[in-house]
Amino acid sequence: MASQICLPLSNHYHGSSPKLPSSIPKALKHHSHENKKIPSKDTLPSPLTLSKRSLNSSAIALIIIGFSPRNAKALSVKDLEIERYVDYEQVFTLLRPSSWIKVEKARATVLFEEANVGSNKVGVVVNPVRLNSLGEFGTPQFVANKLILAEKRKESTKDAEVIGVAKRPGQGGLQVYEFEYKVDSTRGGMKRILSVAFVASKRLYLLNIAHSDKPESPLDAHTRAMLEEILHSFDSAPST
């Protein structure tokens, strides 16, 4: 059980939980040089020790919700209509839209949806892994590429493109990866996806934020600022 992991990737949490090998597969070892290509500041996930099957499954899980490595406007939590959420059992915290509804979803540790707009989501998935940090898996760009490949393999995906990757420190010096990409799908059209991942206490934490971003109704500045605040707030809950 401790070797299983499932990441949130599409608009639906589905699929079996892939298993993580105890060592890095040969197929991934040649990617180690990619670390030199990733800037040290504001970069994303690195290559983890996953098999091809488990990596693809994890990537598919992580594509469920969207992000861009930009700073949100200097607005207060109250102005952005977001509030703090803490899961004491799984030990993580994040900001969430105050008016969004908490819903139950298979394989989702927690999931919030905008009322009457089910395609706009903020969800977290937590699964045990055989890793101490994301650095054991690979570079941020390596992980971002895997996510996009997994997204493009979906029948509903018309197009997918990485917008940005980033890396930041988390609680207690955790390696936290952030991604932003856009997806054009037959299920809901154009969407902006922001994702965050980190490993703490042998558990993989994944946050996915998905929001409609269609040409006829693009993401407005206020909503963008709110989503980025949520993105940057995801972290391991501090010990009390």
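**Close-ups of two sheets and their helices**

**View A. The three-stranded sheet in this predicted model.** Here 3 strands make an open sheet, lined up in the order 1-2-10 with antiparallel pairing. Strand 1 (82-87) and strand 10 (235-236) sit at the edges with a single partner strand each, so one side of each has no neighbour in the sheet.

**View B. Zooming in on strands 1 and 2.** Strand 2 covers residues 92-97 and runs antiparallel to strand 1, with 6 bridges joining the two. Want a pair to look for? Find Glu83, which stands opposite Arg96 in strand 2. Helix 5 (residues 221-233) packs on this sheet and touches strand 1, strand 2 and strand 10. The direction of helix 5 makes about 170° with that of strand 2.

**View C. The seven-stranded sheet.** This open sheet has 7 strands in the order 3-4-5-9-8-7-6, again with antiparallel pairing. At its edges are strand 3 (101-103) and strand 6 (157-169), each pairing on one side only. Ignoring direction, neighbouring strands here are turned by 20° against each other on average.

**View D. Strands 7 and 8, with helix 4.** Strand 7 (residues 175-185) and strand 8 (residues 189-200) run antiparallel and are joined by 10 bridges. Glu178 stands opposite Val196 in strand 8. Helix 4 (residues 140-152) packs on the sheet, touching strand 6 and strand 7, and its direction makes about 160° with that of strand 6.

**View E. Helix 5 again, this time on the seven-stranded sheet.** Helix 5 lies across strand 5 (117-128), strand 6, strand 7, strand 8 and strand 9 (203-212). Compare it with strand 9: helix 5 runs at about 175° to that strand.

Notes
Residues are numbered from 1 along each chain as its sequence is written. This is a predicted model: local features need pLDDT of at least 70, side-chain atom pairs count only at pLDDT 80 or more; totals for chains, interfaces and linings use all residues. Side-chain values use heavy atoms; hydrogens and water are left out. Two strands pair if DSSP finds at least two bridges between them. Helices (H or I, at least four residues) and strands (E, at least two) are DSSP runs, numbered from the N terminus. Contact means heavy atoms within 4.5 Å. Axes are lines fitted to C-alpha atoms, for helices over the stretch in contact, and angles run from 0 to 180 degrees between N-to-C directions.
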